[in-house]
Structure formats: C-alpha cells, structure tokens
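Colleague: Before I use this model at the bench, I would like to go through the terms in its description one by one. Could you set each value against its definition for me?

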Amino acid sequence: MFTLSKQQKIGHYVVAFPIKEGDYAETYRVKDNEGKNYFLKLVDLAKLNSKQYDDDGNVIEFDIVRHLNHPNVMHFVEDAELIIDGRQMAYMVSDFISGQTLEQIYLCDGGSNPYKVREWMVDVLAGLQYLHSLPTPIIHNEVTADNVMWDAVNHRAVIIDFGHARRSTDSRRTFDRKGLSPYYLAPETAGGLFSPQSDLFSVGVATYRLLYGQLPWHVGREDDIDDELQILREQPLRVPSLSNIAAPDGMVETIAKALSVDVAARFGTAEEMTKALKGEIKVYG
C-alpha cells in the first residue's frame, strides 16, 4: 500500500498519482505550485540497510544523484527528510521525463529496430562515460532496459534509478546485489566487485535484450542461480546474426565483446564501446 494518496501535499509538491512501490521506496508523479510535473522518490529510512548509507550517514543514492549534471542522466531537483505517520522518511525530487522505459517501448512495439537500439545505447553510453569520468567515478550497477527512459520531448535516452550506484572508491562491502537481476550483472559482481567494465557488460545485456527479445543467458528464475548462470556463461555465447535485416555493421561483434566473461576482454571505456557501435572502430574476436 502506498504511503501517499492523490492530492496529498509533501513539501512543495502535490501527489498526482503513484507509480511504483518497492521494498523500501515508492515513486510518485507530483506537481509543484505552478503545475509542473516531477518525479518523487519516497524512502522509508528504517528499511534501508547499512550499505545504503555512507560514512557520514547520508543516503548514498541521494548524495550521488545530487551532484550529477548530464543530459543522459536523471536530473536532481531537491531532497528532504520528514516524519510521516511516525516514520522517518526522505524524499528526492527529479525532473519529470515524458516517455517510457526502453523495456516498455520494446513490449509495446513487439520488437526494436536495430538502428533505434543503437541510438538508445549511444545515449546510455554517453551518460556512463560522464559517470565513469568524474573525478570520483560513479558505477551505476543497474543498467537495464527498465532503468533507461526515452525522453519523448527531448528525444534522448536517460539513465534513471541510482539505488545501487556506488563511487569507485567505495568498499566492495557496500555493494548489495539484493533486488538486482542476476542476468544483467557481470560475473565479477558475485564477489562484490564493480567497475566501469561491469556497467558495460550490463549495456551489452540490455542491447541483446532489445534486439532479440530475450536475455543472452537464461535459467528460468531469478533467485539462487549464480552457479547455474556461471556454467552457462562458460559456454560460447550465442549472438544471432542480423544479416537478414538492415542493421549497423559491427553491432553483433560489439555485443559479443561487451558480454565477455573476462573483464579484460571487454571495452575499456564507454567511449570505446560507442565508437564500436557507430562503426568508427573495428571489433575483432
């Protein structure tokens, strides 16, 4: 059950309608006093675990998003803490994006044009290049087709949901895989390791999903599948050919390289993967 109801006031905003309810957070579409739309994420602080706070007691997600500024990354507006029904809560407001997630677009259209997928992924990689190139790089850790929205007004893909994002300097003990899809996670994350290359692996999975309508490896469930998934990933990856349809040159090879189980065999940077997707560099192997 959602904490807030329609027309309820929270801070400077009024709830338009609820969007999504999770284990510790809820998202809403809200309006300000001038009727402008925003997204609001409401977090029950008592339900957060210690890994979701930094050493200063700040919610890591909010503190990370607060400092971001890139057209392909969700835009922070403000955050605050408050008491609701005796519970300590916090909320974060971000710009409203008029559009759908890439997963929703795929399901509605019944498929994706390879050139459109490339356009989406180039935007995603631009956002990741920004995150990975910050003075203290940020690793998103949850790049999926559900966590990228197509902004229909500004015609660009935008990375959302930084609930599992971490700074590159954070201890691997702060990384929690609970609630994440194991199919999108790079193999090394099972040991708590995360890096720009693990984000690029996730981009590879998302690209594969949007092109072929399936995941590159699939066990049939979400829980306790790490061992089975590892066995599947040790087998040669099946990347169907796009030769029977109009598709960008090198796209299949780019996906295969991004999905390498060996971290060192993946792209070194998001910029390098972008160049491969655009056909500006040749992908071998």
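Modeller: Two strands pair if DSSP finds at least two bridges between them, and strands (E, at least two residues) and helices (H or I, at least four) are DSSP runs numbered from the N terminus. This is a predicted model, in which local features need pLDDT of at least 70 and side-chain atom pairs count only at pLDDT 80 or more, while totals for chains, interfaces and linings use all residues. Residues are numbered from 1 along each chain as its sequence is written, and side-chain values use heavy atoms, with hydrogens and water left out.

Colleague: What makes β7-β9-β10 an open sheet, and which strands stand at the edges?

Modeller: The three strands follow the order β7-β9-β10 with antiparallel pairing. β7 (99-101) and β10 (156-159) each have a single partner strand, so one side of each is left without a neighbour in the sheet. Between β7 and β9 (residues 148-151) there are three bridges, against the at least two that pairing needs, and G99 stands opposite D151 in β9.

Colleague: How do you know that helix α2 packs on this sheet?

Modeller: Contact means heavy atoms within 4.5 Å, and α2 (residues 102-109) touches β7 and β9, its direction making about 95 degrees with that of β7. Helix α3 (residues 114-132) lies across β9 and β10, at about 45 degrees to β10. Such angles run from 0 to 180 degrees between N-to-C directions, and axes are lines fitted to C-alpha atoms, for helices over the stretch in contact.

Colleague: Why is α4 called oblique to α6?

Modeller: The axes of α4 (residues 196-212) and α6 (residues 251-258) come within 8 Å and cross at roughly 135 degrees. Angles under 35 degrees count as roughly parallel, over 145 as roughly antiparallel, 65 to 115 as roughly perpendicular and the rest as oblique, which makes α4 oblique to α6. Residues of α4 including L200, F201 and G204 meet M251, V252, I255 and A258 in α6. The residues of this contact divide into nine nonpolar, two polar and no charged, where Ala, Val, Leu, Ile, Met, Phe, Trp, Tyr, Cys and Pro count as nonpolar, Asp, Glu, Lys and Arg as charged, and the others, Gly among them, as polar.

Colleague: What makes α6 roughly antiparallel to α7?

Modeller: α6 and α7 (residues 270-277) pack at about 155 degrees, with their axes 9 Å apart, and that angle makes α6 roughly antiparallel to α7. M251, T254, K257 and A258 in α6 meet E272, M273, A276 and L277 in α7, a contact whose residues divide into five nonpolar, one polar and two charged.

Colleague: How do you know that β2 and β3 pair?

Modeller: β2 (residues 13-21) and β3 (residues 25-31) share six bridges in the antiparallel sense; P18 stands opposite Y28, and F17 has R29 as its bridge partner. The two strands form a hairpin with three residues between them. Both belong to an open sheet of six strands in the order β1-β2-β3-β4-β6-β5, where β3 also pairs with β4 (residues 37-44) over seven bridges.

Colleague: Why is the protein chain called as compact as a globular protein of its length?

Modeller: The chain holds seven helices and 11 strands. Its radius of gyration, taken over C-alpha atoms, is compared with a globule rule of 2.2 Å times the number of residues to the power 0.38. The radius is 19 Å, close to the 19 Å that the rule gives for 285 residues, so the chain is as compact as a globular protein of that length.
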